[in-house]
Amino acid sequence: MSGSKRRLARDLVATAAATAGTAGAGWGAWTFLNGQARTARTVIPHRTDNAPNGDGIYGPDGLGPLRVRRGEDFDLHVMVFGDSTAAGLGAEIADETPGVQLTRKLTDETGKRIRLSTKAIVGATSRSLTGQVDAMLIAGPPPDIAIIFIGANDVTSTSGVRASAKRLGAAVRRLREAGALVVVGTCPDLGVIAAIPQPLRTVIRQYGLRLAAAQAIETRAAGGTPVPLADLLAREFLAAPDRMLSADRYHPSAAGYELAAQILLPAVLAGLGEWGSGPLPEPPEVSAIAEDNKWSARTRAYLNRAARRR
């Protein structure tokens, strides 16, 4: 068993043992949670399709996407790296993907013509970022703005937190050395995925939040700007999963991607010097609403109520 899987096993057993109130939960808990993981994999479909492609040139007043031709003018080049969330899997049309939504918001705010290119790959982990950056350097000049969404697949594949964060940091450093402004949407809070049964969902959630914290440290050290996507767990996301999640119940919908674009926009504008003099918003690493709704908090509340009744 690899080091990362041993750590995940330890966390699974610790969570189940704490829930049961006895160390006897042990490997019986590990077997139980493995069964839950198999169930979750049958509920959440394995996607092999690609997200809609929205690459092209966009401008104010809804212009675009225009096909990129030799000599075509644009003011800024935005490039998106990462996994299926970065690509926009779950969106029905290209305009619903996070890259397009962010690019259109940037054109409205700046009045500039902006080219969008997507290097993100469905199923990618942080290990895949090296190849995506290599492909960018081979294809042509670096972008002005690099956007990265990564982390969910590192959690579900039980990659080590430290190693995954270090790989992200290395990619950010290479992009910064190439002259790009880099904004990273750190690992989202997977506790919002109701298709993952409890208590497995709580364990995966904690694993993801540890990864997000490590990603933020490595991103800052490499010269990038981290944005905590745990803030996606707003009241609307938890209260209306049918609206915020796509049909596969795992990837965001158009509404979920719009929220992601809104969260990233201030950091991108600030990096471009277009934000103004006001302070940037500071979204929380962990949504207070998510904390109130997580399985362990509800269990404690139930036990407290039962104790008061007795």
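Below, a colleague and a modeller talk through the sheet, cores and helix packing of this predicted model.

Colleague: Before we start, what are the ground rules on numbering, pLDDT and atoms?
Modeller: Residues count from 1 along each chain as its sequence is written, and side-chain values use heavy atoms, with hydrogens and water left out. Since the model is predicted, local features need pLDDT of at least 70 and side-chain atom pairs count only at pLDDT 80 or more, while totals for chains, interfaces and linings use all residues.

Colleague: In what order do the seven strands of the open sheet run?
Modeller: Helices (H or I, at least four residues) and strands (E, at least two) are DSSP runs, numbered from the N terminus. Two strands pair if DSSP finds at least two bridges between them. The pairing here is mixed, and the edges are β2 (63-66) and β7 (225-227), each of which pairs on one side only. Reading across, the order is β2-β1-β4-β3-β5-β6-β7.

Colleague: In which sense do β1 and β2 run, parallel or antiparallel?
Modeller: In general, strands of a sheet pair through backbone hydrogen bonds in one sense or the other. For β1 (residues 56-59) and β2, Ile-57 stands opposite Leu-66. Two bridges join the strands, and they run antiparallel.

Colleague: Which residue in the hairpin of β1 and β2 takes a positive phi?
Modeller: Three residues lie between the strands. The one you want sits in that loop, has phi near 65° and is not a glycine. It is Asp-61.

Colleague: Is Asp-61 buried or exposed?
Modeller: Buried means under 20% relative accessible area, exposed over 50%, and partly exposed in between (1.4 Å probe, protein chains only). Asp-61 has 80% relative accessibility, so it counts as exposed.

Colleague: What is omega near for the peptide bond from Gly-64 to Pro-65?
Modeller: Pro-65 is found in strand β2. The bond leading into Pro-65 from Gly-64 is cis, with omega near 10°.

Colleague: How many residues of β5 are buried?
Modeller: Take the faces in turn: Ile-145, Ile-147 and Phe-149 are buried on one side, and Ala-146 and Ile-148 on the other. So both faces are covered, going by the cut-off for buried. The count for the strand is five of five.

Colleague: What is the bridge partner of Phe-149 in β6?
Modeller: β5 has parallel pairing with β3 over five bridges, where Val-80 stands opposite Ile-147. Its pairing with β6 is also parallel, over five bridges. There, Phe-149 has as its partner Gly-185.

Colleague: Which element gives the most to the largest nonpolar core?
Modeller: A nonpolar core is a set of buried Ala, Val, Leu, Ile, Met, Phe, Trp, Tyr and Cys residues joined through side-chain atoms within 4.5 Å. This one has 30 residues, and Leu-106, Ile-145 and Ile-147 have the most contacts inside it. Elements supplying at least two residues include β3 (76-82), α4 (98-110), β5 (145-149) and α11 (254-271). With nine residues, the top contributor is α11.

Colleague: How far apart are the C-alpha atoms of Val-268 and Leu-102?
Modeller: Val-268 belongs to helix α11 and, at 0% relative accessibility, counts as buried. Contact means heavy atoms within 4.5 Å, and leaving out residues up to four places away in sequence, Val-268 touches Leu-102, Leu-106, Ile-145, Ile-147, Leu-181 and Val-183. Along the chain, Val-268 and Leu-102 are 166 residues apart, yet their C-alpha atoms are separated by 9.4 Å.

Colleague: At what angle do α7 and α8 pack?
Modeller: Axes are lines fitted to C-alpha atoms, for helices over the stretch in contact, and angles run from 0 to 180 degrees between N-to-C directions. Helix α7 covers residues 161-177 and α8 residues 200-221, with the axes 8 Å apart. The angle is about 30°.

Colleague: How many residues of the contact of α7 with α8 are nonpolar?
Modeller: Among those making the contact are Leu-168 and Val-172 of α7 and Leu-211 and Ala-214 of α8. Ala, Val, Leu, Ile, Met, Phe, Trp, Tyr, Cys and Pro count as nonpolar, Asp, Glu, Lys and Arg as charged, and the others, Gly among them, as polar. Four are polar and four charged, and the nonpolar ones number eight.
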